[in-house]
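Please look at the sequence and the structure below, and try to follow the strands as they line up side by side. The paragraphs after it lead through two sheets in turn.

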Amino acid sequence: MESTVEEPTPRRGRGRGWLAVLMAGVLAGGAAGVLALRPSTDGPSAEATAPAVAPRDLLAGLPARVVPPPTLADLPTDRAVGPAAFLYHVEQPGGFDEATGTLRQRDIHLVTRAGQQFRVGRTPATVGPVNQSLSPDGRWLAARRGGQWWIRDLTDTTERAVPTGYELWCWSTDSGAVVLAELSQSSRAFAVLSMRDGSLRRLDVAATPLTDAVTLVDGRHLVLVDLTPAAPGAGARPELAVTVRDIDTAATRTVPVLRPGQLGPGESFNAIVPLVDGGGTPARVWVQVGRPDLQPTDLPEGMPAIPASALLGVDVRSGEPAGRIDLSPVATGSAEVYEGIVGADVVLTRRTRERTELVAVEPGAGSRRVLTTLPALTRVLVPGRQW
């Protein structure tokens, strides 16, 4: 299976951490290879779109430790492998060559729910956007090649091409569709691609380059957020809300994600831009807040890092708060980084010098459970997220 390196393309407003949280490994973590999947004009049948596995069970039953196998086979194109639990690649010290300006390339591993591992490309030698994504149920693997997105059914061998000119943006919580975006300097247009029949539906949504589609709830309710930064010197705004739009009726409602009084001392949710993510079952939206006053002083000049302090969430349907999840900072020696939402859980990685733990947090209760342990300096992509 060959892999290529894509030129940088416009990225979404959301990142994998609070802007440059835990800057170690950012250059390598922000780059990726792409897949070379078997081209096919055949779309999956209607019967083939039944959920492969419930999202709540996707990360259950993983081995206690996941390590790179001695021999790593490429993802087969002639047979199904089953739903994916996550993707990962392991960084190594000294991965950036200052003399040549290149990065050390590493294999990108796909870990199936059954515990198998396959290579799905390599990280590129140059800094650029990562172009891979898993659907919330782990069934669909999206990857870019030749300037175009392709979506592979891991429970089959079929593959669907995303129309040229569209960027893959976010998944429907039921994995039955994916939101696409057309980007320009003055506007942003959204469309929905059905995984059932491959039909494309353009959405009549007034959007600017600072409008982000956070998630699509059950294929019908599009969650949008305005990413316009606060004016310089305005300080931290105490509120943040998302707009939920019914794509069938055009009815909209506003759901506050962050209310006055929820921020702790020194916390801010938009020192530069707000980091908002959504998904899960039930559908929730989370905003990551940080402590600008605790910004590290030993980072390279011009490289901001706002230490993440907590995640604050809201239930999209009821509008009720989903709880607060406090994050362990780097100073504790066991830093926690937000990775995404799988089923009802918020998924973090807990990183130490010796290992990386994949951790599920139950919103509300805040209880943590370790799903599996990986090597130190591992970067993880969970279902529903885009690298």
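What follows describes two sheets, their edges and some of their pairings.

This is a predicted model, in which local features need pLDDT of at least 70 and side-chain atom pairs count only at pLDDT 80 or more, while totals for chains, interfaces and linings use all residues. Residues are numbered from 1 along each chain as its sequence is written, and side-chain values use heavy atoms, with hydrogens and water left out.

One open sheet consists of four strands in the order E5-E4-E1-E26, and its pairing is antiparallel. Strands here are DSSP runs (E, at least two residues), numbered from the N terminus, and two of them pair if DSSP finds at least two bridges between them. The edge strands of this sheet are E5 (117-122) and E26 (378-381), each of which pairs on one side only. From one strand to the next, the twist averages 30°, where the axes are lines fitted to C-alpha atoms and angles run from 0 to 180 degrees between N-to-C directions. Strand E4, residues 107-112, runs antiparallel to E5 and is joined to it by four bridges, and Asp107 stands opposite Arg122 in E5.

Another open sheet of four strands, again with antiparallel pairing, has the order E22-E23-E24-E25. Strand E22 (335-342) and strand E25 (368-375) stand at the edges with a single partner strand each, so one side of each is left without a neighbour in the sheet. On average, neighbouring strands of this sheet are turned by 25° against each other, direction ignored. Within this sheet, six bridges join strand E23 (residues 345-351) to strand E24 (residues 355-361), and these two run antiparallel, with Arg351 standing opposite Thr356 in E24.
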